[in-house]
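Please walk through this model with me, beginning at a single residue and widening out from there to the chain as a whole. The terms are explained as they come up.

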Amino acid sequence: MSAHEMTVRTGGATQRIPVTTGRPGLDTWKGTMVVMDKQSEVLMDSHTVGLGAEYRGNYFWAVHLTTSGTYVHQNPRANTEAGHRNVTHGCVGLATDGTAKRFYDQVRVGDVVTVTGSDKDTVAAGNGYGDWNLTWQQWLAHSAAGQTTTA
């Protein structure tokens, strides 16, 4: 994400929050995603997303966006890199100074998150609630292909 910031709109108010997102080659998905769930603490292990032994640890104030493992969460590297450089493995990192906790407290399951400025593909339908990224005609075709009927 080239701007290194997140815009949050709540109740008519807008705030800009410095972020760090996926580093080159591990860019954050772009497009519209929906908050699937959130947890105050999540064990994240890079083995589960095919990145070998890159990381393993507990991350706090985790807002879950995709089934492939994209989150908005507290990341200590965001304390120095947010607003300046993208250094994560694809998640959106927020500072430990209370920024991540405030976002976590503000967001609810079902809220929409849109990522722009990323070099990665648009999040696919089925990777969380990625259907938001389909045109009406694509959604109809996708929906029809997934439908089953019973007699």
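Tyr129 counts as partly exposed, at 46% relative accessibility, where buried means under 20% relative accessible area, exposed over 50%, and partly exposed in between, computed with a 1.4 Å probe on protein chains only. This residue is found in the loop between strand E8 (112-115) and helix H3 (136-146); the helices (H or I, at least four residues) and strands (E, at least two) are DSSP runs, numbered from the N terminus. Not counting residues up to four places away in sequence, Tyr129 touches Thr32, Val34 and Met36, a contact being heavy atoms within 4.5 Å. Between Tyr129 and Cys91, which are 38 residues apart in sequence, the C-alpha to C-alpha separation is 16 Å.

Before going further, it should be said that this is a predicted model, in which local features need pLDDT of at least 70 and side-chain atom pairs count only at pLDDT 80 or more, while totals for chains, interfaces and linings use all residues. Residues are numbered from 1 along each chain as its sequence is written, and side-chain values use heavy atoms, with hydrogens and water left out.

Cys91 appears again in the surroundings of Thr70, since leaving aside neighbours within four places in sequence, Thr70 is in contact with Thr28, Trp29, Val63, His64, Leu65, Gly90 and Cys91. Thr70 has its place in the loop between E5 and E6, and with a relative accessible area of 6% this residue is buried. In strand E5 itself one finds Trp61, which is partly exposed with a relative accessible area of 21%. The phi of Trp61 is near 55°, a positive value in a residue other than glycine. Most residues other than glycine have a negative phi.

Two further residues share the loop between helix H1 (78-81) and E7, namely Arg85 and Asn86. Is Asn86 buried or exposed? With a relative accessible area of 14%, Asn86 is buried, whereas Arg85 is partly exposed, with a relative accessible area of 43%. Leaving aside neighbours within four places in sequence, Arg85 is in contact with His4, Thr20 and Arg77, and the C-alpha atoms of Arg85 and Ala3, 82 residues apart along the chain, are separated by 9.2 Å. Asn86, for its part, has its C-alpha atom 9.6 Å from that of Leu26, at a sequence separation of 60 residues.

Leu26 also leads to Leu51, which lies in the loop between E4 and E5 and counts as partly exposed at 25% relative accessibility. Leu51 touches Leu26, Ser46 and His89, not counting residues up to four places away in sequence. The C-alpha atoms of Leu51 and Leu26 are 10.0 Å apart in space, and the two residues are 25 apart in sequence.

Helix H2 (residues 99-106) offers another view of the interior, with Thr99, Ala100, Phe103 and Tyr104 as its buried residues. Seen down the axis of H2, these residues fall within an arc of 130°, so they line one face of the helix; the arc is that of the directions from the helix axis to the C-beta atoms. An α-helix has 3.6 residues a turn, so residues three or four places apart point the same way. Which strands do the buried residues of H2 pack against? Their partners are E1 (5-10), E2 (13-18), E4 (37-45), E5 (56-64), E6 (71-74) and E7 (92-94).

Turning to the whole, the protein chain has 3 helices and 8 strands, which run β-β-β-β-β-β-α-β-α-β-α from the N terminus on. Of the 151 residues in the protein chain, 40% are buried. Among contacts between residues at least 6 apart in sequence, 60% join residues at least 24 apart. The radius of gyration of the protein chain is 16 Å, which agrees with the value near 15 Å that a compact globule of 151 residues would have; this radius is taken over C-alpha atoms, and the globule rule is 2.2 Å times the number of residues to the power 0.38. Taken along the principal axes, the C-alpha atoms fill a box of roughly 55 × 45 × 30 Å.
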